[in-house]
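Reader: I am new to strands and buried residues. Can we work through them on an example?

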Amino acid sequence: MRHTITVLVENEFGVLSRVAGLFSGRGFNIDSLSVAPTNDESISRMTIVTRGDEQILEQISKQLNKLIDVIKVIDFTGGEAIEREMALIKVTAEESSRAEVLRIADIFRGKIIDVTPKSYTIEVTGAPAKIEAILELLRPLGLKELVRTGPVAIGRGSKGWKG
């Protein structure tokens, strides 16, 4: 099962390395990781996506909470969060497929951010399922390159961190 975990940490040197080391040292894989300072410059927010059963998630949470620099661990698994991801998608755009690429980008509210005689680069933002859906439609047209940020998440309403 896929889990989205937010970890609030002290914004200090080496914290990212310690958190990543915790995962690798215990044989857990990180599917995606996003880190940036919060509105309080002394605190950073890590959004980590990983896979495993409930027992593995519980073990991860306990181990994260033992790290000195960790302030709070929030599990957003189960729909209590708004998730967004950005993707840059370079797709083949020959004369015969340009209209189709533009139509697909428009349907998904993507932006064409670069045009060459042989390709378009599309920027699209949304829930991870939206990113998967546009990729499924663009693959047959010739997906040349893909860069994804991985999801970032924030709690709905009052769920989340109050700092």
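Author: Start with one residue. This model is predicted. Thr-121 lies in strand β7, which spans residues 119–126.

Reader: Is Thr-121 buried or exposed?

Author: The general idea is a cut-off: buried means under 20% relative accessible area. Thr-121 has 10% relative accessibility, so it counts as buried.

Reader: Which residues is Thr-121 in contact with, leaving aside its neighbours within four places in sequence?

Author: Ile-89 and Lys-90 are on the list, and so are Lys-111, Ile-112, Ile-113 and Asp-114. Take Lys-111. Lys-111 and Thr-121 are 10 residues apart along the chain. Their C-alpha atoms are separated by 8.3 Å.

Reader: Now a whole strand. Why is strand β3 largely enclosed by the rest of the structure?

Author: Count its buried residues. Strand β3 covers residues 43–51, and eight of the nine are buried, so the rest of the structure largely encloses it.

Reader: How do side chains sit in a strand?

Author: In a regular strand, side chains alternate between the two faces of the sheet.

Reader: How many bridges join strand β1 to β3?

Author: Nine, and the two strands run antiparallel. Strand β1 holds residues 2–10. For one pair, look at His-3: it stands opposite Thr-50 in β3.

Reader: And what about strand β2 and β3?

Author: Strand β2, residues 30–37, pairs with β3 over seven bridges, in the antiparallel sense. Here Ile-30 has Thr-50 of β3 as its bridge partner. Thr-50 also has His-3 opposite.

Reader: What joins β2 to β3 along the chain?

Author: A hairpin, through five residues.

Methods: Residues numbered from 1 in each chain as written. Predicted model: local features only at pLDDT ≥ 70, side-chain atom pairs only at ≥ 80, totals over all residues. Heavy atoms only, no water. Helix = DSSP H or I, 4+ residues; strand = E, 2+ residues; numbered from the N terminus. Buried < 20%, exposed > 50% of the residue type's maximum accessible area, 1.4 Å probe, protein only. Contact = heavy atoms within 4.5 Å. Pairing = 2+ DSSP bridges.
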